[in-house]
Amino acid sequence: MTTRILQFGVTGQLARELLGQAKDFDVEITALSRAEADFADPHAVVRRLDDVKADLVVLAAAYTAVDLAESERDLAFKVNAETPGAIARALGPDGPALVQISTDFVFAGDKGALYVESDPTAPLNVYGASKLAGEQAILAACPRALILRTSWVVSSHGKNFVKTMLRAAGEGRALKVVDDQFGRPTAARDLARFILGQAARLAAAPAGDPAFGLHHFANVGEVTWKGFADGIFDIALGGAAPVVAAGSAADWPSPARRPARGTLDTSKLEQTFGVTLRPWREPLAEIVAELQSERSAA
Ligand SMILES: NC(=O)c1ccc[n+]([C@@H]2O[C@H](COP(=O)([O-])OP(=O)(O)OC[C@H]3O[C@@H](n4cnc5c(N)ncnc54)[C@H](OP(=O)(O)O)[C@@H]3O)[C@@H](O)[C@H]2O)c1
């Protein structure tokens with residue numbers, strides 16, 4: 001049976017991958033843009049839930065401007081916590097299942113090992129705190145919610161690290177990249193594929209099913225931003241890859257503090273769902289190929 005998905009968000013990295021890959025799955029997506037459902041207005045968004053018959057609701061809309069959130073705290077909390085919480089309360093135990101995406105920024109990054117789902121949270125910035133408040137509001141209200149914490153999301157769309165690095169290399173700039181923050185890059189395409197692949201199971205699963213609750217999702221392999229940049233240039237430019245100098249996060253003071261090592265352990269998700277996550281270089285090669293073919297077609 002076709003799984004009917006109500007998706008919030010149209011233009012974001014994950015939103016676009018969900019829409020682009022829907023044809024490969026037995027799903028039918030109705031996606032609402034910010035103009036149709038602005039998460040700054042929880043009541044308006046909740047009203048939209050009655051307009052669409054859905055088996056699964058996927059929140060691909062979020063306030064993701066990490067530095068700006070430091071000066072827009074109220075808006076970040078409204079979009080990332082209040083509205084997701086209001087949606088979860090409206091769905092309750094008997095409505096469609098819910099998928100929310102959260103972040104490694106709920107952690108302080110000082111554990112000295114990979115983070116598992118049950119580790120204590122201690123966000124260093126407003127964005128992380130708003131996403132954590134969203135997790136808590138959803139889990140308190142909706143027993144059929146899956147929260148996927150992810151990290152370092154990249155794709156061929158929108159703004160992200162892969163595109164920033166390739167643009168910088170194209171401009172011939174000397175490159176210095178942070179080499180003291182660690183994480184696991186994650187392709188929006190892999191995250192979208194996972195959600196779509198699990199849609200039927202999530203739509204049918206009862207409260208208490210191990211699929212619900214907190215899970216970590218990231219591609220395999222821990223790197224620093226510099227290690228990631230080296231990988232990007234290696235794949236995109238091969239022998240012509242620029243030399244990247246190692247920098248410290250302290251060299252680029254920013255409004256929001258970031259975890260030094262918020263790297264996620266994904267074993268719970270791999271065991272619960274029986275999936276194998278790909279090393280980050282594999283989807284990265286696909287993203288680079290997509291960007292290169294877009295450039296040569298332009
Ligand atoms: N990007 C990362 O590195 C990263 C890391 C960890 C977790 N995450 C989480 O992963 C999820 C997907 O991230 P992403 O990279 O796909 O984000 P993204 O590319 O920044 O897209 C965010 C989406 O949210 C929409 N949006 C923003 N404000 C809104 C509002 N007030 N009302 C309705 N929609 C609004 C945007 O619409 P407009 O185009 O109209 O602005 C856009 O479609 C998010 O929950 C994010 O917190 C991301």
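# Salt bridges and a cavity: questions and answers

Student: Which residues line the largest cavity?

Tutor: In this predicted model, the lining of the largest cavity consists of V154, P185, T186, A187, N219, F228, W280, P283, L284 and I287.

Student: How many cavities of 30 Å³ or more does the structure hold, and what is the volume of the largest cavity?

Tutor: There is 1 cavity of 30 Å³ or more. The volume of the largest cavity is about 40 Å³.

Student: Which elements each supply at least two residues of that lining, and which gives the most?

Tutor: The strand β9 (186-187) and the helix α9 (281-297) each provide at least two lining residues. The largest contribution is that of α9, with 3 residues.

Student: What is the make-up of the lining by class?

Tutor: The lining has 8 nonpolar residues, 2 polar residues and no charged ones. T186 and N219 belong to the lining, and Thr and Asn are counted as polar because they are in neither the nonpolar nor the charged list.

Student: Turning to charged side chains, why is the contact between R48 and D51 called a salt bridge?

Tutor: The term requires a side-chain nitrogen of Lys or Arg within 4 Å of a carboxyl oxygen of Asp or Glu. For R48 and D51 the N to O distance is 2.7 Å, and therefore the pair meets the 4 Å cut-off. A search of the whole structure finds 16 salt bridges.

Student: What makes R48 partly exposed?

Tutor: Its relative accessible area is 23%. Buried means under 20% and exposed means over 50%, so R48 lies in between.

Student: K111 and D119 also form a salt bridge; why is each residue called buried or partly exposed?

Tutor: The closest N and O atoms of K111 and D119 are 2.6 Å apart, so this pair too satisfies the 4 Å limit. K111 has 35% relative accessibility, between the 20% and 50% cut-offs, and is therefore partly exposed. D119 has 16%, which is under 20%, so D119 counts as buried.

Student: How do you know that R278 and E286 form a salt bridge, and what makes both partly exposed?

Tutor: Their closest N and O atoms are 2.7 Å apart, which is within 4 Å, so the pair qualifies. R278 has 23% relative accessibility and E286 has 31%; both values fall between 20% and 50%, so each residue is partly exposed. Through shared partners, salt bridges join R278 and E286 with R189, D190, E282 and E290 into one network.

Conventions
Residues are numbered from 1 along each chain as its sequence is written. This is a predicted model: local features need pLDDT of at least 70, side-chain atom pairs count only at pLDDT 80 or more; totals for chains, interfaces and linings use all residues. Side-chain values use heavy atoms; hydrogens and water are left out. Buried means under 20% relative accessible area, exposed over 50%, partly exposed in between (1.4 Å probe, protein chains only). On a 1 Å grid over the protein atoms alone, a cavity is a set of points where a 1.4 Å probe fits but cannot get out, and a pocket is an open set with protein on both sides within 12 Å along at least five of seven lines; lining residues have an atom within 4 Å of a point. Grid points are joined across faces, edges and corners, and a volume is the space filled by probe spheres set on the points. Helices (H or I, at least four residues) and strands (E, at least two) are DSSP runs, numbered from the N terminus.
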